[in-house]
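Student: I would like to go through this structure with you. Let us ask of each label what earns it.

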Amino acid sequence: MRKSIIVFACFSLLLLSACSRSDNRNNEPSASASEKQTPSNLNLTGFPITTEKITLDLMGEKAPIHGPWDQMYFFQEMEKKTNIHFEFDTPARESYKERKNLAFASGEYPDLFFGGQLDTADEINYGQQGILIPLEDLIEEYAPNLKKFLEENPDVKRSITTTDGHIYALPNVNTVPRDLVMKPWINGEWLANLNISTLPATTDDLLELLRAFRDGDPNQNGEKDEIPLSAPSMTNLRKPLLAAFGLLSNSIEVKDDKIVFSPIESNYQQYLKYMNVLFNEKLLDSELFSQTTQQFTAKGKSDRIGVFVHAAPHLVLDISDPADNAKHPALPVLTSEVNSEKVYPLNSSITRGTFAITKKNKYPEATMRWVDYFYSPEGSNFAMVGDSWQWKDADQTQWEFVYEGDNKEEYRGKIVPDPGLPLPLVRDNDFLSKEYNLSGAYLNKVTEEQFLPYAQTAFPLVYFTEEEQDRLNVLNADITTYVEQMEAKFIFGQTPISEWDNYVATIQKMGVDDMISIYQAAYDRWKSE
Amino acid sequence: MKESTFDRLFVYFNHLFLFLLLVSVLYPLIYVTSASISDPVAVNAGRMWLFPKEVTWEGYQRVFRDAEIWIGYKNTILYTLLGTIVNLLLTIPCAYALARKDFAGRNAITLFIVFTMFFNGGLIPTFLLVKSLHMVDTVWALVLPQAAAVMNIIVSRTFFQMTVPRELEEAAEIDGCSNLRMFVKVVLPISGPIIAVMALFYGVMHWNQYFNAMIYLKDRDIFPLQLFLREILVSSEMSAAMQTGVSDLEAMEAQARIAEIVKYSVMIVSALPLLVVYPFLQRFFVKGVLIGSLKG
């Protein structure tokens, strides 16, 4: 046995010594981003961007609906146009995050991220380590479209500038109305079957409507299988109901420049009471907390759902012609006894971290010129629909997407990387609103008329310092979990609402004041920038 | 011989127990098969629970039309064959050598090998190693880093210790047989069961392998089937998570729909080859693994 230990030790030593021979790769000179003189290969305006072809490594997330990126019309045309060729590394969505982290950690990161889904921690960590290069000077010199856009939209600029004053990643900006709020809908056929013509305006009206749906057999199958109120998840359902009680979120929100934590506000208590009534009267989908989107949709397609919160009726109900969406009205923004002012939560129009340049990139100027194209209407539309569209009329008021196969989005996913992935671009509302798309037009109209006048952002996109972020991670994990657990318990009646004071005290013990002050500090910084 | 009441009771409960076991194994198989030819809406609404409802072949049509699935299929078969051959070439001789009592330092080497079972370099160092060996984005990244599994070496070693009598080896030695020749001509012919079992173990491992492929491969032309399968299966879940904040609901919806349709048929298509091979290897299985593991 002693002999074997010695042999084993020898082996281990051998292995260790082999390991410790450190290699000093990665010391190759990197192109410095702040070089002032124009690189000789670069054209400052127009196309192609470089006089000779250059090749860059690109990393991006392949959405499930995408075809292979190297075969996309979008990238092939862009290469012809700009003289920039890409070597693609496009891990699929479910493995992307792991691959991205591995790339950073092992030093094998690409020249640029496009559709890169970088989170704020990536931007801050790798930005401060110098792996991602600051972009603001490049924007100033080489990105006229983006520069103009940021000047016109200081809010966007504030939301992409990190705490050290640098911009490390570029955003996707989407202000298409229908994408800005998650809307509640009412099954219009059920309304017609029950001869109801006035839509609810308060929470009490809604209660009455749901009761009618429960008792009146609105789907006319003789069975009591109706689910008056449902949604794919609580996240959706909360939006209209919290709003009725004057709250925009079930976490942090801004009220007159002051941060409040909604779940300890008294109006939140009223919300819980109301939801508990809905549950007790069997008006609420009992599977709300457990169902998948597919299970939810299956109920909708079987005509069992009355009021629901989802992007569009035709995605839930059994509607084959999208024009029939118009038969199903949106549930108006509600008020309640404790809240007479109409409010509704507004989704953020900005998605951060879609594009970044790393220090390995030898052509940051050309890369910036390349991406700037997508911040122009022409480039943005090209990334959205390629050239697969045509005007429907001579006046160019409407266009339609031309596709092969049976599904528009599937085809789009084969030619451009836009479907299912936020890209560095600003959506061109002007052009997109002219698409001949009946459901889209209806959704935009409803959103603009009924929701946008009341819509507000709960909390703007901000950056936290590393210290703040560390503290927040801990606080958020505890508090959010507790709040959501208790929400379910209050709604299901497992915890009586008389326990409210204990609940608030527990949250305060968990350090909610710390949390509020961190958000307040970040918000004040954001505001002053 | 007459059975006592207790015996009969025992047999009765034994049958009952085995029957329940059979049902619990069979039910998912039947469910997936039925779901693969049912309308996904019916499946999600819970209307389909055993036999197909609202039969549709769209799932299979899509699978067979999808070029990538066939690329994946081809690659998986290649990796499974190649990988298993490499595994066997290393595992069996290694296990035999370690089984020989007259092999000097075998305890130390065993210890060293077993050590790797409990400690390894971790993901990033392993990735860097594979990268420096220029194996990233090649077949070898899936074959060489796991060319031998410690557990399987130990099982095979025990098998050789138990089934190859020392006397047989001595007899061959007296006749002037070399070690290599003894291994090839004497030991291998009586080791059929363990080779079959190892081939099965390794084969299944390669067939189901996705993680290494996910980490090391970039080129979609060399992706194994499991990666494509995973993309399809996970996409239906992800779309639910991404519902708020992101636009493109129609894109999400379209991809979720495809995933729902294809999900079960892809499962069937990818599991079928193993299901077919299994019964033929099963008879070796009992022999090989029992001898190899339990008596050790």
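## Labels and their reasons

Tutor: Start with the record. For chain B, an unreviewed UniProt entry gives the feature "transmembrane region" at residues 9-30, 77-99, 111-133, 186-205 and 261-281. The coordinates themselves come from a predicted model.

Student: What makes residues 77-99 of chain B helix or strand in this model?

Tutor: The span is 100% helix and 0% strand. Its end C-alpha atoms lie 32 Å apart. Residues 111-133 of chain B are 78% helix and 0% strand, with end C-alpha atoms 26 Å apart.

Student: Why are α4(B) and α5(B) called oblique to each other?

Tutor: Set the angle against the classes. Helix α4 and helix α5 (residues 106-118) of chain B pack at about 135°, with their axes 9 Å apart. Roughly perpendicular runs from 65 to 115 degrees, and roughly antiparallel begins over 145. The angle falls in neither class, nor under 35 degrees, so the pair is oblique.

Student: Which residues make that contact?

Tutor: From α4(B), they are B:C94, B:L98 and B:A99. From α5(B), they are B:R106, B:I109, B:T110 and B:I113.

Student: How do you know which element of chain B has the highest mean pLDDT, and which the lowest?

Tutor: Helix α4 (residues 67-99) has the highest mean among the elements of chain B, 92. Helix α13 (residues 225-241) has the lowest, 68. Over residues 239-247 of chain B the pLDDT is below 50, yet this stretch has 22 contacts in the model beyond near neighbours in sequence. Residues 292-296 of chain B also stay under 50, with seven contacts beyond four places in sequence. Chain B as a whole averages 83, and 88% of its residues score at least 70.

Student: Now chain A. What makes β2 and β4 of chain A edge strands?

Tutor: The order of the open, five-stranded sheet is β2-β1-β3-β11-β4, with mixed pairing. β2 (84-89) and β4 (170-173) of chain A each have a single partner strand, so one side of each has no neighbour in the sheet. From one strand to the next, the twist averages 40°.

Student: How do you know that β3 and β11 of chain A pair?

Tutor: Pairing needs at least two bridges. Strand β3 (residues 112-114) and strand β11 (residues 350-357) of chain A have three, and they run antiparallel. A:L112 stands opposite A:I357 in β11(A). Helix α2 (residues 73-82) of chain A packs on the sheet, touching β1, β2 and β3 of chain A. Its direction makes about 150° with that of β2(A).

Student: Why is A:V416 called buried or exposed?

Tutor: Buried means under 20% relative accessible area. A:V416 has 0%, so it is buried. It lies in the loop between α16 (408-415) and α17 (429-432) of chain A. Its contacts beyond four places in sequence include A:H66, A:F74, A:F382 and A:G386. A:Q71 is 345 residues from A:V416 in sequence, but 9.7 Å away, C-alpha to C-alpha.

Student: And A:T495: what makes it count as buried or exposed?

Tutor: Its relative accessibility is 12%, under the 20% cut-off, so A:T495 counts as buried. This residue is in the loop between α19 (466-492) and α20 (500-509) of chain A. Beyond four places in sequence, A:T495 touches A:M486, A:K489 and A:F490. In chain A, 54% of the 529 residues count as buried.

Technical notes. Residues numbered from 1 in each chain as written. Chains lettered and ligands numbered in written order. Predicted model: local features only at pLDDT ≥ 70, side-chain atom pairs only at ≥ 80, totals over all residues. Heavy atoms only, no water. pLDDT = per-residue confidence, 0-100. Helix = DSSP H or I, 4+ residues; strand = E, 2+ residues; numbered from the N terminus. Contact = heavy atoms within 4.5 Å. Axes fitted to C-alpha atoms, helices over the stretch in contact; angles between N-to-C directions. Buried < 20%, exposed > 50% of the residue type's maximum accessible area, 1.4 Å probe, protein only. UniProt positions renumbered as here; feature names shortened; annotations may be inferred.
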